[in-house]
Amino acid sequence: MLVRQVAPGIELRLFELHDAEELFAVVQRNRGHLRQWLPWVDFTESAEDVRRFLQRARNQYEANQGPQAAIVIDGRIAGSVGCHPIDWANKHCSIGYWIDADRQGRGLMTKCCAALIDYLFDDLALHRVTIQCGTGNQRSCAIPQRLGFTREGVMREAEWVNDRWVDLVVWGMLSQDWRTRVHS
């Protein structure tokens with residue numbers, strides 16, 4: 001079971017089905033800012049929609065395809081960080097993340113991503129982790145930059161979000177580079 005202490009009062013833990021209402025409330029409160037970059041927001045209209053996501057996330061974890069974790073700050077859900085299904089043949093996955101707008105700008109997401117990446121490289125022995133961010137999403141792109149990821153390129157019009165095509169920057173990290181970064 002994934003539980004990681006990120007900092008005092010901040011932890012990552014697997015989502016539970018009973019988190020649906022609380023998670024939906026955070027999404028609702030942040031709908032305007034999240035829907036600019038995340039395609040799933042417009043399809044999340046109720047706690048039941050969130051519950052279905054949480055069940056898929058649980059199934060993904062139980063199938064050894066990677067975790068979806070709640071970011072819990074002082075006992076309350078403040079966002080999410082997790083894996084898209086792991087490609088075990090190539091020991092690779094991509095990760096995604098979001099956090100309550102009131103919590104942005106404090107380095108919390110960078111710390112949470114680092115904790116998940118530690119888990120992916122150290123516990124799951126993956127070889128490669130990628131992050132894809134909208135080219136205009138400066139806050140999101142700052143996270144892989146701060147973590148030492150390599151900017152590998154741009155996928156043009158790669159995602160349909162909020163009635164428009166979004167170009168995605170691809171950032172990559174190899175396990176040996178992560179270990180070098182962490183221990184230097």
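Gly-79 lies in strand S4, and this residue of the predicted model makes a handy starting point for a newcomer. With a relative accessibility of 0%, Gly-79 counts as buried. Leaving aside residues up to four places away in sequence, Gly-79 touches Phe-15, Ala-69, Ala-70, Ile-71, Trp-98 and Ile-99. Trp-40 can serve as a landmark for distance: 39 residues separate Gly-79 from Trp-40 in sequence, and their C-alpha atoms are 14 Å apart in space.

From this residue the view can be widened to the sheet. Eight strands form an open sheet with mixed pairing, in the order S1-S2-S3-S4-S5-S6-S8-S7. Strand S1 (3–7) and strand S7 (150–161) stand at the edges; each has a single partner strand, so one side of each is left without a neighbour in the sheet. From one strand to the next, the twist averages 30°.

Two of the strand pairs show the mixed character of the sheet. At one edge, S1 and S2 pair in the antiparallel sense over 4 bridges, with Arg-4 standing opposite Leu-12 in S2. The hairpin of S1 and S2 has 2 residues between the strands, and Gly-9 takes a positive phi near 80° there. Strand S5 (residues 92–99) and strand S6 (residues 128–134), by contrast, pair in the parallel sense, also over 4 bridges. Here the bridge partner of His-92 is Arg-128 in S6.

Helices pack on this sheet as well. Helix H4 (residues 108–123) touches S1, strand S2 (10–14), strand S3 (68–73), strand S4 (76–83), S5, S6 and strand S8 (164–174). The direction of H4 makes about 155° with that of S5. Helix H5 (residues 138–146) lies across S5, S6 and S8 and runs at about 155° to S6. Within H5, Ser-140, Cys-141, Ala-142, Ile-143 and Pro-144 are buried. The buried residues of H5 pack against S5, S6 and S8, and against helix H4 too. Just after H5, Gly-148 takes a positive phi of about 85°.

Positive phi values also turn up in residues other than glycine. One of them is Glu-157, with a phi near 40°. Glu-157 lies in strand S7 and, at 52% relative accessibility, counts as exposed. Another is Asn-162, whose phi is near 55°. Asn-162 is found in the loop between S7 and S8, where the residue is partly exposed, with a relative accessible area of 26%.

Attention can now turn to charged side chains. Side chains of opposite charge can pair when their charged atoms come close. In this model, the count comes to 11 salt bridges. One of these is formed by Glu-22 and Arg-76, whose closest N and O atoms are 3.5 Å apart. This pair links distant parts of the chain, with Glu-22 in helix H1 (residues 20–29) and Arg-76 in strand S4, 54 residues apart. Arg-76 is exposed, its relative accessible area being 53%. Strand S4 thus offers two contrasting positions to look at: Gly-79 is buried, whereas Arg-76 is exposed.

A second salt bridge joins Arg-35 and Asp-42, with the closest N and O atoms 2.8 Å apart. Both partners can be placed by their accessibility. Arg-35 counts as partly exposed at 26% relative accessibility, and Asp-42 is partly exposed as well, with a relative accessible area of 30%.

A third example returns to Arg-128, the bridge partner of His-92. The side chains of Glu-152 and Arg-128 meet in a salt bridge of 2.7 Å, N to O. Distant parts of the chain are linked here too: Glu-152 is in strand S7 and Arg-128 in strand S6, 24 residues apart. Glu-152 is partly exposed, with a relative accessible area of 41%, and Arg-128 counts as partly exposed at 24%. Salt bridges that share partners also join Glu-21, Glu-48, Asp-49, Arg-51 and Arg-52 into one network.

Methods. Residues numbered from 1 in each chain as written. Predicted model: local features only at pLDDT ≥ 70, side-chain atom pairs only at ≥ 80, totals over all residues. Heavy atoms only, no water. Pairing = 2+ DSSP bridges. Axes fitted to C-alpha atoms, helices over the stretch in contact; angles between N-to-C directions. Contact = heavy atoms within 4.5 Å. Salt bridge = Lys/Arg side-chain N within 4 Å of Asp/Glu carboxyl O. Buried < 20%, exposed > 50% of the residue type's maximum accessible area, 1.4 Å probe, protein only.
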